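Work through the exercises below with the model open. Try each task before reading its solution.

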Amino acid sequence: MKNTEFVLNQSLKLRGDQLQAVEKLVSWLENDNRFVTLLGVTGSGKTFTMANVIAKLQRPVLVVTHNKTLAAQLYSEFRDFFPDNAVEYFVSYYDYFQPEAYLPGRDLYIEKDSDINEEIDRYRHAATTALFTRRDVIVVASVSCIYGLGSPVDYAGLRITIETGKIFPRKELIRQLIDIQYSRNDMDFHRSRFRARGETVDIFPASSEEAVRVKYFGDEIERIERFDPLTGEVKEKLSLVDIFPAQHFVTTSEKKESAIQAIEGELAERVKLFEESKRLVEAQRVYERTRYDMEMMRETGYCKGIENYSRHLAARKPGSPPETLVHYLPKDCLIILDESHMTLPQLKGMSQGDRGRKQTLVDYGFRLPSALDNRPLTFDEFLALGKPLMFVSATPSAWEIQASGELIAEQLIRPTGVLDPKITVVKSEGQIDHLIGLIRDRIAKQERVLVTTLTKKMSQELARYLNDLDIPSRYLHDEIDTLERIEILRDLRAGTFSVLIGVNLLREGLDLPEVSLVAILDADKEGFLRSSWSLIQTAGRAARNINGEVFLYADRISAAMKVCIDETARRRKHQHEYNLANNIEPASINKAIGKVFSPGAEYIVKEKISVTKLEKMIDELKSEMEKASKNLQFERAAMIRDEIIALQEEHVELKVMGNLTDALKKGRGKSMASRGHGRRPPAAK
């Protein structure tokens, strides 16, 4: 195992109160404290603080966040911070997933259907491979990392170590590759496959973009090379290489046979139970489905839905915790929960997410009861693993605060010196007239406004009302597609309109330095979108502008409002004192407005495009989409996807019009030919 140290990119320096936050967190973690918290305001550089903690601790790290988009963003940032270390990405690899289900009321069985993203699967394998081969590893993951993954002992134990100068017969290498789920294909060479020609065996590891060439002299390995599978160019010569299994659910032949026997025993009990209950259809169903899976495992070592037998493959007891990515981590690793106020609730709720669906499958003979043990860890099981946890959030919940006790490092200073926005409470009576006055004042200063409402209907009606008053406004909600959403945010920044209205404006990506006013209607109506942390997060949207203000429209000051007001005032006081002591003049963030990716639409507007040219454009956009997905630029990939859909609709219209034109031309030609022969065209039927 490589024992390389983390080396942090030195182009950035700790500023504000980042240094004291890093020193506190490192000290607490080195003293074996279990729970610590970084409370960092929006825009204070929390990710850079995390990177410095990692560099000082020199431990492997798992960073968990609540969605793929944020995970991709963190992955990109950590790669910039640690260019020479192993920064890996581990999220759900499904582009599309339809879970297996049965609807008893309609007697409808829905087979599992999925579309696996091969590139993300490669990243997953790269992450687990790195954890077994080096120490300088940061794995950025979504909450799916607590789902059952397969035994780390078997995954590591079944690796094939290939070393130059060693006796390792070619036939034995091929046999071992097949045992760990690699398939032979001498023509179609891609991930998780190998090819054998003469004295050479080429292997395309599941975790790599490059392949490995093993050259033999008799039974001795003479040379190992890493090469580009597309061009054949040799990248480097190796003395040793480890090939890890092509699937995470793998096991030894002995364990596999033992697992099949255990499955057979459970099947016999289940069939007996159904037969005693006179449920012969269920008995026959579970017997046939399970026997088929067992035969597939015997013959190929794998079957569709093998994860449903994970308990038997790992020889676990019923109800015991599944083995997950967390079990692949070294004992001394650190787990960081980013945006913990959102990530923790997801970790707590995942275990109950699909149990009801699986229970129905078990009750009606589609699965054995052991399928219920193919599940995520419960939150108690996650905590029982004993790993130190670092919570990172601008608004940590009561659970994180209670767990951390006094071990909370605050990071309240922004590098720009901008203070948290001033908060004002206004009576809800006449709130719209009051808001309109504020909006007109901001428009005169060429600044922007965000307004949050309780319902989508209210946001739409308010946008319509403001537009009738010649106040350019738009509304944003979850039914607006990706491309239009990006365009709306860009137009707001560019000044095409001045007011953006929505129900939930907390989504990542709302980084809008031009916004100087945030208005929250019905702020006293307590609930998810009016909780204390939600109010603080929403107010933070005005924290990038030196003129930032927040107006809460309410008839009373709720408990959540009081927390928000008091906490914001405390932060403003601390920030102001710091600025005075360090002669810092606050400055609004200056961020360039990016272009909206929409070349196809612009092209169609500019000129009448041919079908052939349009088809070529669609092919080019598909390549761009795949490239963006490969680089984890999911926002860009989604935008290109929406553009392709629009172009495909245009393509259909052009083809229909083209076919119609061709038909008319042919009809006219036949008519002219008929006239030339002195005959009239046949009457239309």
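**Exercise 1.** With the side chain of which residue does the side chain of E119 make a polar contact? Then classify E119 by accessibility.

*Solution.* The model is predicted.
- Step 1: locate E119. E119 sits in helix α4, residues 118-133.
- Step 2: find the partner. The side chain of E119 makes a polar contact with the side chain of R122, at 2.8 Å.
- Step 3: classify. The relative accessible area of E119 is 18%. The cut-off for buried is under 20%, so E119 is buried.
- Step 4: look further along the chain. Not counting residues up to four places away in sequence, E119 touches E209 and K630.

**Exercise 2.** Is E381 buried or exposed? List its contacts beyond the sequence neighbours.

*Solution.*
- Step 1: E381 belongs to helix α13, residues 379-384.
- Step 2: E381 has 16% relative accessibility, so E381 counts as buried.
- Step 3: leave aside neighbours within four places in sequence. E381 is then in contact with G319, P321, P322, R375 and P376.
- Step 4: check one C-alpha distance. E381 and S320 are 61 residues apart in sequence and 9.4 Å apart in space.

**Exercise 3.** Determine the geometry of the aromatic pair Y89 and Y123. Do the same for F391 and W399.

*Solution.*
- Step 1: count the pairs. There are 20 aromatic pairs.
- Step 2: take Y89 and Y123. Their centres are 5.9 Å apart, with 85 degrees between the planes, and the pair is edge-to-face.
- Step 3: place the two rings. Y89 is in strand β3 (residues 86-90) and Y123 in helix α4, 34 residues apart, so this pair links distant parts of the chain.
- Step 4: add accessibility. Y89 is buried at 0%, and Y123 is buried at 8%.
- Step 5: take F391 and W399. The centres are 5.9 Å apart and the planes are at 85 degrees, so this pair is edge-to-face.
- Step 6: compare burial. F391 is buried at 0%, whereas W399 is partly exposed at 26%.
- Step 7: widen the view. F35, F379, F382, F391 and W399 form one aromatic cluster.

**Exercise 4.** How many residues does the largest nonpolar core have? Trace the contacts of I336.

*Solution.*
- Step 1: the largest nonpolar core has 39 residues. Those with the most contacts inside it are F78, F82, I138, I336 and M390.
- Step 2: helix α2 (residues 46-57) gives the largest share of this core, seven residues.
- Step 3: leave aside neighbours within four places in sequence. I336 is then in contact with M50, I54, V61, L62, V63, V64, M390 and V392.

Notes:
Residues numbered from 1 in each chain as written. Predicted model: local features only at pLDDT ≥ 70, side-chain atom pairs only at ≥ 80, totals over all residues. Heavy atoms only, no water. Core = buried A, V, L, I, M, F, W, Y, C linked by side-chain atoms within 4.5 Å. Buried < 20%, exposed > 50% of the residue type's maximum accessible area, 1.4 Å probe, protein only. Helix = DSSP H or I, 4+ residues; strand = E, 2+ residues; numbered from the N terminus. Contact = heavy atoms within 4.5 Å. Polar contact = N/O pair within 3.5 Å; in protein donor to acceptor, adjacent residues only side chain to side chain. Phe/Tyr/Trp six-rings, centres within 6.5 Å; stacked < 30°, edge-to-face > 60°.
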